[in-house]
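Visitor: I am new to this structure and would like a close look at a single part. Could you take me through the place where two helices pack together, step by step?

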Amino acid sequence: MFLSKTNFKKIFTFSLVGVSALYFSQKKITSEQANEDNLKKHIYYLASDELQGRLTGSEGETKAANYLSAEFKKLGLKPYEGKSFVQGFEYNVKLNPHDDKTSTTVKGKNVVAVLNNKAGKTIVIGAHYDHLGLNEHHNSTLANSDGQIHNGADDNASGTAAVLELARMFSQNKTKENVNYVFALFSGEEDGLMGSKKLAETIKTNYPNTIFMINMDMVGRLNSNKDLTIGGVGTSPILSDLVKKYKPEGINLGLDESGVGPSDHTSFYLKDIPVLFLFTGTHNDYHKPTDDSDKINYPGQKIITNYVFNLANALGHEKEIPFTKTKVAATKAVPKYKVSLGIMPNYADSKEGMGIDGVIDNRPAANAGILQGDTLTRIGKCEVKEVYSYMDCLAKINAGEEHPVTVKRNGEEKVFNVKF
């Protein structure tokens with residue numbers, strides 16, 4: 001199984017010294033610059049106690065969605081679908097992973113705007129705006145924190161503010177780019193990338209020539225070493241050189257090739273769209289009530305926002321951005337598990353079993369013939385109802401063992417012999 005968002009983000013907070021900034025001062029695409037006051041204004045509102053932590057389905061989420069919609073409207077952008085910037089979606093979540101009776105339906109709201117340049121290519125720039133609320137879904141890293149507001153300034157008011165500022169920069173710069181831009185603010189990320197999955201399902205229908213997705217999740221805590229991790233650089237052969245070419249002076253890049261990770265770019269990678277994922281690192285306030293606006297490095301976030309602006313412009317000028325499947329990053333396994341099936345679970349509660357959102361090449365599931373879209377129901381004699389029972393089943397298996405794995409595919413039950 002993949003690492004949790006917490007463990008994944010901890011792995012990539014190390015400092016990797018990048019290539020020197022030979023090009024940035026010479027190759028600025030435009031004089032348009034991010035406004036630090038705008039970034040601060042957005043973060044201070046989104047991470048205020050008034051919004052009660054922006055839990056998906058809550059009144060605070062609705063207030064945030066209204067604010068984001070109003071900002072897009074001010075810029076003269078158009079809704080992604082229909083007359084509203086809000087794209088609704090539903091999923092189920094268990095408030096107690098060991099009690100089926102606690103399953104509840106959550107209604108989420110993506111907020112999505114389009115800068116339609118009548119171009120033949122489209123780039124998605126996104127971030128999730130939801131957070132943990134009062135820890136109703138029990139995702140906090142602080143013990144006994146139910147009822148405390150988790151404001152989520154870095155996670156992810158920071159990425160949301162960057163998307164809003166990029167929307168302003170692109171829409172108000174008096175330049176008609178040769179690509180369309182979809183500015184996507186997702187909800188439901190903290191419960192398993194739910195909002196981005198919804199948008200990724202429709203993006204190629206509405207914009208068949210979607211060529212790229214840029215995701216910003218926790219970009220507000222650039223440290224004194226100026227360490228910035230960029231994931232997804234292996235999803236197209238042009239990306240490694242490109243992210244180095246436009247790197248701001250003094251920034252140390254840590255590059256990760258994988259297109260799969262615990263944030264919203266994964267949903268687009270699984271639709272064969274190249275991605276980049278920007279992240280300034282985890283910290284002691286991650287998923288705690290202490291992730292507040294006064295701890296954000298606003299000058300650092302301005303640097304990152306300008307960097308994304310230049311990257312998005314450069315990507316828009318590329319004749320072709322070929323998609324490449326990537327290997328999962330080599331990481332330490334969670335100690336409880338001795339094996340991995342090599343799938344991306346669907347975290348939504350389901351009565352039939354656990355949905356499989358992605359299957360990683362050359363891993364046990366793929367080698368056995370299991371496919372994306374299958375629903376996992378049993379590993380050996382161990383029944384899989386959702387992600388929690390899936391983890392319990394994996395914990396009973398040792399490396400090298402072979403077990404029959406049962407899935408449902410198009411309503412039909414299929415059994416595969418899997419070597420773990």
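Guide: Here is a walk through one helix pair, with a short stop at a disulfide afterwards. Please keep in mind that this is a predicted model.

Let's start with the two partners. Helix α2 covers residues 36–46, and helix α4 covers residues 153–171. Two packed helices are described by the angle between their axes and the distance between the axes. Here the axes come within 9 Å and cross at roughly 135 degrees. Angles over 145 degrees would count as roughly antiparallel, and 65 to 115 as roughly perpendicular, so α2 is oblique to α4. The crossing of α2 past α4 is right-handed.

Now look at the residues that touch. From α2 come N38, L39, H42, I43 and L46. On the α4 side you will find A153, A157, S158, T160, A161, A162, L164, E165 and R168. Sorted by character, the residues of this contact are eight nonpolar, four polar and two charged.

Before you go, visit the disulfide. The count for this model is one, and the link joins C382 and C393, with sulfur atoms 2.1 Å apart. C382 belongs to strand β13 (residues 382–383) and C393 to helix α10 (residues 387–394), so the bond ties together parts that are eleven residues apart in sequence. The angle about the S-S bond is -80 degrees, making the link of C382 and C393 left-handed. Both cysteines, C382 and C393, are buried.

Note on methods:
Residues are numbered from 1 along each chain as its sequence is written. This is a predicted model: local features need pLDDT of at least 70, side-chain atom pairs count only at pLDDT 80 or more; totals for chains, interfaces and linings use all residues. Side-chain values use heavy atoms; hydrogens and water are left out. A disulfide is a pair of cysteine sulfur atoms within 2.5 Å. Helices (H or I, at least four residues) and strands (E, at least two) are DSSP runs, numbered from the N terminus. Buried means under 20% relative accessible area, exposed over 50%, partly exposed in between (1.4 Å probe, protein chains only). Axes are lines fitted to C-alpha atoms, for helices over the stretch in contact, and angles run from 0 to 180 degrees between N-to-C directions. Angles under 35 degrees count as roughly parallel, over 145 as roughly antiparallel, 65 to 115 as roughly perpendicular and the rest as oblique. A crossing is left-handed if the near helix is turned anticlockwise from the far one by less than a right angle, and right-handed if clockwise. Contact means heavy atoms within 4.5 Å. Ala, Val, Leu, Ile, Met, Phe, Trp, Tyr, Cys and Pro count as nonpolar, Asp, Glu, Lys and Arg as charged, and the others, Gly among them, as polar.
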